Amino acid sequence: MGQCGITSSKTVLVFLNLIFWGAAGILCYVGAYVFITYDDYDHFFEDVYTLFPAVVIIAVGALLFIIGLIGCCATIRESRCGLATFVFILLLVFVTEVVVVVLGYVYRAKVENEVDRSIQKVYKTYNGTNPDAASRAIDYVQRQLHCCGIHNYSDWENTDWFKETKNQSVPLSCCKETAKSCNGSLANPSDLYAEGCEALVVKKLQEILMHVIWAALAFAAIQLLGMLCACIVLCRRSRDPAYELLITGGTYA
């Protein structure tokens, strides 16, 4: 019965190691996705430490490749030292992912205040005639999120760019995709996106962080199962005399 339990735990453990390799790729993808998406919105969020959970999750993904290799070798060779090392590393990664989840929630709560503080500055620096990085970021966000202004399109009236152009129009990025003849004129508000960008940017950044949080939670649960199976193999291997004799090639007297 003990031997059957060990065999089952070993089978599950080998399978989990294969999952770890797949998980490593997924975690690296999630981390890269956060970096790429954040680059489009970095002007609206000045706290670079928001990327820390993404950095950690990429590091965890890279470490999972090594963990999977150690776990497979230790399980197949039934190495007590290897399995103990495997459990220890898994425990460290598990704790790290718990930290990622906590940091993800902390920064997710800070997003709204950060965006509210920085978005005013970004809109004030907009220069449609000679677009800089901030101007391109505003046009990109307005087109991608289908929004206009901070709270609505009327916010553009308070910007230096609007006052300098004196043509009573907003950037063309405010025009709805369905409005083919839109020139940004405030005389035709039905051609413009009605919703402001601040709320949508906050929502987008929070969604990005939620990807990190859910990925960390999912693979933390898998690692917990991996540690459990490894501990079962270690404990039964040390307590079952029949299993010890089978491994060492001994026989009963």
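Let's start with a cysteine: at 23% relative accessibility, Cys 28 comes out as partly exposed. It sits in a predicted model of a protein with 253 residues, 45% of which count as buried. The secondary structure is simple to describe, with seven helices and zero strands. A whole-structure search turns up three disulfides and one salt bridge.

**Overall layout**

- Going along the sequence, the pattern reads α-α-α-α-α-α-α.
- Among contacts with a separation of 6 or more, 72% come from residues 24 or more positions apart.
- The protein exposes about 13,200 Å², and carbon and sulfur atoms supply 63% of that area.

**What the UniProt record adds**

- The unreviewed UniProt entry carries the annotation "transmembrane region" for residues 12–36, 48–71, 83–107 and 212–235.
- Take residues 83–107 as one of these spans: in the model this stretch is 100% helix and 0% strand, and its end C-alpha atoms are 36 Å apart.

**Disulfides**

- Cys 147 is bonded to Cys 197, with an S to S distance of 2.0 Å. This pair links distant parts of the chain, 50 residues apart: Cys 147 is in the loop between α4 (133–145) and α5 (160–165), while Cys 197 belongs to helix α6 (residues 197–239).
- The link of Cys 147 and Cys 197 is right-handed, with 95 degrees about the S-S bond. Cys 147 has a relative accessible area of 0%, so it is buried, and Cys 197 is buried with a relative accessible area of 0%.
- Cys 148 pairs with Cys 174 at an S to S distance of 2.1 Å. Here too the pair links distant parts of the chain, with Cys 148 in the loop between α4 and α5, Cys 174 in the loop between α5 and α6, and their positions 26 residues apart.
- The Cys 148 and Cys 174 link is right-handed, at 85 degrees about the S-S bond, and both cysteines are buried.
- Cys 175 is joined to Cys 182, S to S 2.1 Å. This link is left-handed, with -65 degrees about the S-S bond, and Cys 175 and Cys 182 are both buried.
- Count the bonded cysteines along the chain and the connectivity reads 1-6, 2-3, 4-5.

**The salt bridge**

- Arg 117 forms a salt bridge with Glu 114, and their closest N and O atoms are 2.7 Å apart.
- Both residues lie in helix α3 (residues 80–124), three residues apart, or about one turn of the helix.
- The two partners sit in unlike surroundings: Arg 117 is partly exposed at 47% relative accessible area, whereas Glu 114 counts as buried because its relative accessibility is 8%.
- As background, side chains of opposite charge can pair when their charged atoms come close.

**Nonpolar core**

- The largest nonpolar core holds 62 residues, and those with the most contacts inside it are Phe 44, Leu 64, Ile 67, Tyr 123, Val 141, Trp 156 and Val 201.
- Elements giving two or more residues to this core are α1 (2–41), α2 (52–77), α3, α4, α5 and α6. The most comes from α6, with 15 residues.
- Trp 156 is worth a look. Setting aside neighbours within four places in sequence, its contacts include the aromatic residues Tyr 123, Tyr 126, Trp 161 and Phe 162.
- Trp 156 also touches Cys 148 and Cys 174, the two cysteines joined in one of the disulfides. Other contacts of Trp 156 include Ile 138, Gln 142, Gly 149, Val 170 and Pro 171.

**Backbone points to check by eye**

- Most residues other than glycine have a negative phi, and most peptide bonds are trans.
- His 146 has a positive phi, near 55 degrees. His 146 lies in the loop between α4 and α5, and it counts as partly exposed because its relative accessibility is 36%.
- Gln 168 also has a positive phi, near 55 degrees. Gln 168 is in the loop between α5 and α6, and at 47% relative accessibility it counts as partly exposed.

Technical notes. Residues numbered from 1 in each chain as written. Predicted model: local features only at pLDDT ≥ 70, side-chain atom pairs only at ≥ 80, totals over all residues. Heavy atoms only, no water. Salt bridge = Lys/Arg side-chain N within 4 Å of Asp/Glu carboxyl O. Helix = DSSP H or I, 4+ residues; strand = E, 2+ residues; numbered from the N terminus. Buried < 20%, exposed > 50% of the residue type's maximum accessible area, 1.4 Å probe, protein only. UniProt positions renumbered as here; feature names shortened; annotations may be inferred. Disulfide = S-S within 2.5 Å. Core = buried A, V, L, I, M, F, W, Y, C linked by side-chain atoms within 4.5 Å. Contact = heavy atoms within 4.5 Å. Areas by Shrake-Rupley, 256 points an atom, 1.4 Å probe, with all protein chains shown as cover.
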